[in-house]
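Reader: I've got the model open on my screen and would like to get my bearings. Can you take me through it one question at a time?

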Amino acid sequence: MGELKFGYGCKMLLVIIVMIEVLDICKGNQCFNPDTVSDVHMDSRFDSEYFLVQASIGPVDCIRTCKSCGLCKFVNFNKRTLDCSLLAVEGQLITDNDYISIESYKWNDNMMGVCKDHNCPYNTLCVVEDDNYTCIPLGCLIPQIDNINVTSFYSKLLWNFGEVVEYACEQGFFTRTNATCLSTGQWSDFQCTAFSKCGDNSVCGLQEEKFYWLLLIATETRQKVHCKNAIGPSILLAEYNMASTPAYKRTAGSCDLIPEPEPQAHDMGYTDYQMTRVILNPLSTKINSPGFSNSTYSLQDFGKAGDCYAGDNSSECGVIGRFIINTRNTGYKVKTSVKWKTWGTAGVIANITWSPDGHVIEGYCGGNCGGCEVDGKILLESDPDFTPLFESAELSFCRFPL
């Protein structure tokens, strides 16, 4: 008989515990019979990331909160804490005795009062206000801005007020201001701008001396450019490029080469170019790049040639000034509209030839002292037949703020 009383007492205790649990979730007209209501899963929760947790007084209040937010479709209601986790994605059901999971979007809207059929934006909550409703911002959704890094923004369904997206722009673009979620539910005023100048890299950190991919605004194409502090953009010349005003002269009536004892006094010299500085708009080369060239005697301008050998009559002995521009394997070509003109005394252009593919330009010029130089700028264009390997330069990925 004692054992029977003990067993009876245990059963009564279990009933009391269950009743307490039910009472905990039945405050404020929150009770419902899960056996008569569809889309309710007792002692389980959806294994999905919530975008917001709200306090509630019970499961029905949790459902009402969810239906007040356009982004919410499911809820996980915690029977212990009464917290209401709002979900946009269902996820897999897993057993958890502390929770009730509910497919709230299937519930009738009659519980919503004036918020029934509300048209609040997805990142807001419909709140009853007298006989009407207002939409209260909860956070920020993905902004409608070109060239944002969608991977960063999609990492959260709803961004909290004050949160900053570190990698807000896709690779190759940067922002000068923080991408911050404001209390209005809108993002701060930021734009994703293409890296188009060497100096742009300093926005995201210290600019390193290396090759970068920069967007040429005029052509909307990315080009490989070398950036160096205090120097600016340059391009690597993969082949032999040179310019010369040879340090020789001759006497009247003879074609013998006579070394000039003071070549620098006449700006004579030989220059080999490994790189050449460029102007990005309009795309063109600078005529001298002392930081990326080797010279004997005086620096010779890119694309310039001359001599003090030809004299006033270059037909007698010819000319010895020479230049070579070779843009093969650079991703660039010299525009065919580029022309040359004479300079100095008795300057003459003996011959300037272009290779069939347009990459190699070789010229012979001279005078007394004189020669030839580019008439205007050495304008460049993208080479449609060659693009450097992507791995040969860096496409910047900007982390802001630092």
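Reader: How many of the residues of E3 are buried?

Author: This is a predicted model, where local features need pLDDT of at least 70, side-chain atom pairs count only at pLDDT 80 or more, and totals for chains, interfaces and linings use all residues. Residues are numbered from 1 along each chain as its sequence is written, and side-chain values use heavy atoms, leaving out hydrogens and water. Helices (H or I, at least four residues) and strands (E, at least two) are DSSP runs numbered from the N terminus, and buried means under 20% relative accessible area, exposed over 50%, partly exposed in between (1.4 Å probe, protein chains only). E3 is mostly covered, and its buried count is 5 of 5.

Reader: Which residues of E3 point the other way from Phe74, Asn76 and Asn78?

Author: Side chains leave E3 in two directions, and every one of them ends up buried. Phe74, Asn76 and Asn78 share one direction, which leaves the other to Val75 and Phe77.

Reader: In what order do the strands of the open sheet run?

Author: Strands of a sheet pair through backbone hydrogen bonds, either parallel or antiparallel, and two strands count as paired if DSSP finds at least two bridges between them. In this sheet the pairing is antiparallel. The edges are E1 (40-47) and E2, each of which pairs on one side only. Put together, the 5 strands come in the order E1-E5-E3-E4-E2.

Reader: Which residue of E4 stands opposite Asn76?

Author: E3 (residues 74-78) and E4 run antiparallel, joined by 4 bridges. Along this pairing, Phe74 faces Leu87 in E4. For Asn76, the residue opposite is Ser85.

Reader: And which residue of E2 stands opposite Ser85?

Author: E4 (residues 83-87) has 4 of its 5 residues buried. E2 (residues 52-55) runs antiparallel to E4, with 4 bridges between the two. There, the residue opposite Ser85 is Val53.

Reader: Which residue in the turn between E3 and E4 has a positive phi?

Author: E3 and E4 make a hairpin, with 4 residues between them. The positive phi is about 65 degrees, and the turn residue that has it is Leu82.

Reader: What is the bridge partner of Asn78 in E5?

Author: E5 (residues 92-102) pairs with E3 over 4 bridges, antiparallel. Val75 stands opposite Ile102 there. For Asn78, the partner in E5 is Tyr99.

Reader: How many residues of H2 are buried, and why call it largely enclosed?

Author: H2 (residues 59-67) packs on the sheet and touches E2, E3, E4 and E5 (contact means heavy atoms within 4.5 Å), with its direction at about 150 degrees to that of E3. That angle comes from axes, lines fitted to C-alpha atoms (for helices over the stretch in contact), and runs from 0 to 180 degrees between N-to-C directions. E6 (124-129) is also among the elements covering the buried residues of H2. H2 is largely enclosed by the rest of the structure because its buried count is 8 of 9.

Reader: Which residue forms an edge-to-face pair with Phe153 at 5.2 Å centre to centre?

Author: Rings of Phe, Tyr and Trp (its six-membered ring) pair if their centres lie within 6.5 Å; planes under 30 degrees apart count as stacked, over 60 as edge-to-face and the rest as tilted. Trp159 is one partner of Phe153: the centres are 6.4 Å apart and the planes at 65 degrees, so that pair is edge-to-face. At 5.2 Å, with 85 degrees between the planes, the partner is Trp187.

Reader: How many residues apart are Phe153 and Trp187?

Author: Both are buried, and ring pairs link them with Trp159 and Phe190 into a cluster. Phe153 belongs to H3 (residues 150-153), while Trp187 is in the loop between E8 (173-174) and E9 (193-194). The pair links distant parts of the chain, with a separation of 34 residues.

Reader: Which ring does Lys224 lie over?

Author: A charge sits over a ring if NZ of Lys or CZ of Arg is within 6 Å of the ring centre and within 35 degrees of the ring normal. Arg250 lies over the face of Tyr309, at 5.6 Å from the ring centre. Lys224 is placed at 4.7 Å from the ring centre of Phe211.
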